[in-house]
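Hi,

Here is the structure I promised to pass on. Have a look at it first, and my notes follow below.

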Amino acid sequence: MNYYITTTLKTDFQTALTLTKEALKDEGFGVLSEINIQEKFNEKLNVDFQKYTILGACNPPLGHEALTAENKAGVMLPCNVILQEIKPGIIEVASIDPFTSMQIIDNDELSRIAKQVKDKLENVIYTLEGETEN
């Protein structure tokens, strides 16, 4: 069982990042955080790393429902979406599968909400597949 949902795009990194943020917005997600791993590893460790960005995405209504159903679920929020350059012009976009990750919590209501979030993240990934030539 995969703990993530993924696709590969044939485009440049910045275009993939822009398309991903737009697809998230279209599904009701806001980007709460954006971490440029390549930049941080260079700054903190003085090492080169491929282009790799982590987006912390949240759907506020579903986030509220999740925290109402299980107040400790916040340790698993927001939903992370990554973009990494496999090679120039080939970008992998992957998101957490929140349904799979939330299965460790025994709460049927939270499972229902996590399934809704998974469906929305799958829509993001499938939308991206349609945006670029695979």
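Keep in mind that this is a predicted model. I'll start with Ser111, which sits in helix α5. Its relative accessible area comes out at 16%, so Ser111 counts as buried, the cut-off being under 20%. Leaving aside residues up to four places away in sequence, Ser111 touches Phe99 and Gln103.

Helix α5 (residues 108–131) also packs against helix α3 (residues 60–69): their axes come within 9 Å and cross at roughly 160°. That angle is over 145°, so α3 runs roughly antiparallel to α5. As for handedness, α3 passes α5 in a left-handed crossing. On the α3 side the contact is made by Leu62, Glu65, Ala66 and Ala69, while α5 brings in Glu109, Leu110, Arg112, Ile113, Gln116, Val117 and Lys120. By type, the residues of this contact split into six nonpolar, four charged and one polar.

Then the cysteines. How many disulfides does the structure hold? Zero. Cys58 is in no disulfide, and the nearest cysteine sulfur to its own is that of Cys79, 7.4 Å away. Cys79 is likewise in no disulfide, with the sulfur of Cys58 as its nearest cysteine sulfur. A pair would have to come within 2.5 Å to count, so 7.4 Å rules this one out.

Are these two cysteines buried or exposed? Cys58 is buried, with a relative accessible area of 18%, and Cys79 is buried too, at 9%.

Cheers

How values were computed: Residues are numbered from 1 along each chain as its sequence is written. This is a predicted model: local features need pLDDT of at least 70, side-chain atom pairs count only at pLDDT 80 or more; totals for chains, interfaces and linings use all residues. Side-chain values use heavy atoms; hydrogens and water are left out. Axes are lines fitted to C-alpha atoms, for helices over the stretch in contact, and angles run from 0 to 180 degrees between N-to-C directions. Helices (H or I, at least four residues) and strands (E, at least two) are DSSP runs, numbered from the N terminus. Angles under 35 degrees count as roughly parallel, over 145 as roughly antiparallel, 65 to 115 as roughly perpendicular and the rest as oblique. A crossing is left-handed if the near helix is turned anticlockwise from the far one by less than a right angle, and right-handed if clockwise. Contact means heavy atoms within 4.5 Å. Ala, Val, Leu, Ile, Met, Phe, Trp, Tyr, Cys and Pro count as nonpolar, Asp, Glu, Lys and Arg as charged, and the others, Gly among them, as polar. Buried means under 20% relative accessible area, exposed over 50%, partly exposed in between (1.4 Å probe, protein chains only).
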